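Visitor: I am new to this structure and would like a close look at one part of it. Could you walk me through that part slowly, and then show me how the rest is arranged around it?

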Amino acid sequence: MIMLQDLLAQRANPDVPSALSGLFPQDTDPRALSFAAGSPREDLFPVAAMRAAFDTAITENGAHLFQYQTAQGNPGLRAKLAARIGKWGQVTTTADNVVLTVGGQQAIELVAKAVLNVGDEIAVEVPTYVGALAAFDLYQPTYHAVPLQADGLDLDRLEDTLKRHPRIKLLYTVPDYHNPTGITMSIAKRRQLVDLANRYDFIILEDSPYRDLGYTHVPLPAIKSFDTAGRVVFVSSLSKILMPGLRTGWLVADGDLLAAILRVRLASDLETANVVHAAIDAYLEANDLDAHIDALRANYRAQCAALVQGLTAYFPDEVGYTRPDGGFFDWVTLPEEVDAAALLTQAAIPQAHVTYVPGTNFYPNRDVHNGLRLCFTGLTPHEIDVGMQRLGAVVKQAVRGARPVV
Ligand SMILES: Cc1ncc(COP(=O)(O)O)c(C=O)c1O
């Protein structure tokens with residue numbers, strides 16, 4: 001007899017876990033401190049201002065607001081986002097090239113759908129954002145993993161890979177305060193990456209939801225600002241700077257790529273939630289988004305500093321970690337013999353009551369096990385200090401246990 005499972009598409013095969021499944025460990029102990037989920041702080045959400053904006057949008061537009069509109073989405077909001085990426089990212093574009101999406105996640109999925117055939121070759125930096133891997137996995141691609149350096153993608157390694165695999169058609173990168181490492185790509189590398197794309201003929205998917213959340217400097221020019229051939233798709237989101245429940249992301253694309261993305265968008269969901277986008281447009285008319293972001297930055301900056309201080313004070317020398325100057329995350333590299341998932345279930349949760357995301361799922365081939373992601377947005381600086389002290393102690397034990405006894 002054919003089982004129902006046999007009727008499912010291979011891409012939904014329940015025997016192959018999604019990169020996104022089981023990602024966030026739970027600890028119900030009252031002492032638990034979570035460094036796992038990458039959620040923004042709820043107490044900083046501008047709920048009252050957004051409620052007023054919904055009211056304004058509905059009052060001003062009446063029943064028509066609830067009618068079908070366009071595949072690209074609310075023109076006022078698109079114009080504001082185009083102006084924002086012009087000002088803060090030096091991308092010259094207009095509302096005509098902006099598409100509103102259901103979070104940045106849908107933008108990534110639409111690009112994957114518009115570009116990838118099953119089995120195509122793509123390059124990703126490693127470690128990388130799990131949600132992007134989940135979207136790409138649907139097309140069963142052949143992945144080429146390119147390591148990150150302190151100033152972003154290792155472009156020598158990328159070029160080497162491109163020479164050996166000239167059929168790579170897409171490169172995915174998170175250049176600003178990267179998830180999961182917090183690393184930012186230098187301006188020089190952004191320019192060189194576009195040169196490589198022009199020479200080796202591939203598309204760049206630039207995913208930048210954290211670009212406004214820098215704690216020491218203003219945002220760098222987007223990779224898209226160096227694009228002269230329409231081969232970079234820029235993706236961002238309002239999830240981290242406003243509220244994820246708005247489910248509002250956006251992309252900037254040109255020419256044939258834009259047309260292909262709009263075509264697959266029609267098949268996906270026809271168009272965006274216009275009521276929400278009209279409300280966000282009204283919110284941006286009545287409020288200073290940059291002032292709101294400044295307040296977020298002041299809070300997150302202190303949390304980020306507490307995390308790096310804790311890692312410095314309580315972790316053994318054998319352990320490496322990044323020093324983010326923006327975003328939500330820090331990446332910790334344990335000695336190779338220490339498995340971060342085993343450490344989580346055997347010591348970090350039961351002994352330290354600290355949770356984090358073990359790093360394996362951030363690698364497309366799930367073949368690296370000694371990294372872990374810490375998110376610092378959910379805890380106060382004091383809680384972060386306590387959590388790092390507790391985690392540092394179990395990491396020390398694990399490192400000592402893994403070292404051969406002489
Ligand atoms: C790098 C990156 N891209 C995209 C997203 C998707 O976010 P959303 O769909 O809420 O915009 C996230 C969320 O964590 C992210 O970290």
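Guide: What follows is a walk through the loop between β6 and α6, and then through other parts of the chain.

Please keep in mind that this is a predicted model. Let us begin with the two elements that frame our loop: strand β6 covers residues 170-173, and helix α6 covers residues 187-200. In the loop between β6 and α6 you will find Y177, and P180 lies there too. D176 is also in this loop, whereas R190 belongs to helix α6.

Start with D176 and R190. Their side chains meet in a salt bridge, at 2.8 Å from N to O. Because R190 sits in the helix and D176 in the loop before it, the pair ties together parts that are 14 residues apart in sequence. Are these two partners buried or exposed? R190 is buried, with a relative accessible area of 0%, and D176 is buried as well, at 2%. As a general point, side chains of opposite charge can pair when their charged atoms come close.

Next, look at the backbone of the loop. Y177 has a positive phi of about 45 degrees, although it is not a glycine. Y177 is also buried, with a relative accessible area of 2%. A little further along, the peptide bond from N179 to P180 is cis, with omega near 20 degrees. Why point these out? Because most residues other than glycine have a negative phi, and most peptide bonds are trans.

Both backbone features turn up elsewhere in the model. R247 has a phi near 45 degrees, again a positive value in a residue other than glycine. R247 is found in the loop between β8 (232-237) and β9 (248-252). At 37% relative accessibility, R247 counts as partly exposed, while Y177 is buried. As for cis bonds, one joins V126 and P127, with omega about -5 degrees. P127 is in the loop between β3 and α4.

That brings us to strand β3, residues 121-126, where A123 has its place. A123 counts as buried, at 1% relative accessibility. Which residues does A123 touch, leaving aside those up to four places away in sequence? They are H144, V146, L158, I168, L170, L171 and Y172. Among these, L170, L171 and Y172 fall within β6 (170-173), the strand that leads into our loop. The C-alpha atoms of A123 and H144 are separated by 4.6 Å, though the two residues are 21 apart along the chain.

On the other side of the loop that holds P127 comes helix α4. Helix α4 (residues 130-137) packs against helix α3 (residues 103-115) at an angle of about 30 degrees, with their axes 9 Å apart. The crossing of α3 and α4 is right-handed. From α3, the residues Q105, I108, E109 and A112 meet G131, A132, A135 and F136 of α4. By type, the residues in this contact divide into 5 nonpolar, 2 polar and 1 charged.

Let us return to charged pairs. A search of the whole structure finds 19 salt bridges, and the pair of R190 and D176 can be set beside two others. R265 and D269 meet in a salt bridge, at 2.8 Å from N to O. Both of these residues lie in helix α7 (residues 255-269), 4 residues apart, which is about one turn of the helix. R265 is buried, with a relative accessible area of 0%, but D269 is partly exposed, at 27%. There is also a network, in which salt bridges that share partners join K80, D281 and E285. The other pair is D43 with R41, where the closest N and O atoms are 2.8 Å apart. D43 is exposed, with a relative accessible area of 55%.

Finally, step back to see the whole protein. It is divided into domain 1 (24-45 + 291-402) and domain 2 (70-270). The centres of domain 1 and domain 2, taken over C-alpha atoms, are separated by 26 Å. Their contact takes 27 residues from domain 1 and 30 residues from domain 2. The loop where we started, between β6 (170-173) and α6 (187-200), falls within the range of domain 2 (70-270).

Definitions and conventions. Residues are numbered from 1 along each chain as its sequence is written. This is a predicted model: local features need pLDDT of at least 70, side-chain atom pairs count only at pLDDT 80 or more; totals for chains, interfaces and linings use all residues. Side-chain values use heavy atoms; hydrogens and water are left out. A salt bridge is a side-chain nitrogen of Lys or Arg within 4 Å of a carboxyl oxygen of Asp or Glu. Buried means under 20% relative accessible area, exposed over 50%, partly exposed in between (1.4 Å probe, protein chains only). Axes are lines fitted to C-alpha atoms, for helices over the stretch in contact, and angles run from 0 to 180 degrees between N-to-C directions. A crossing is left-handed if the near helix is turned anticlockwise from the far one by less than a right angle, and right-handed if clockwise. Contact means heavy atoms within 4.5 Å. Ala, Val, Leu, Ile, Met, Phe, Trp, Tyr, Cys and Pro count as nonpolar, Asp, Glu, Lys and Arg as charged, and the others, Gly among them, as polar. Domain bounds come from an automatic or database domain assignment.
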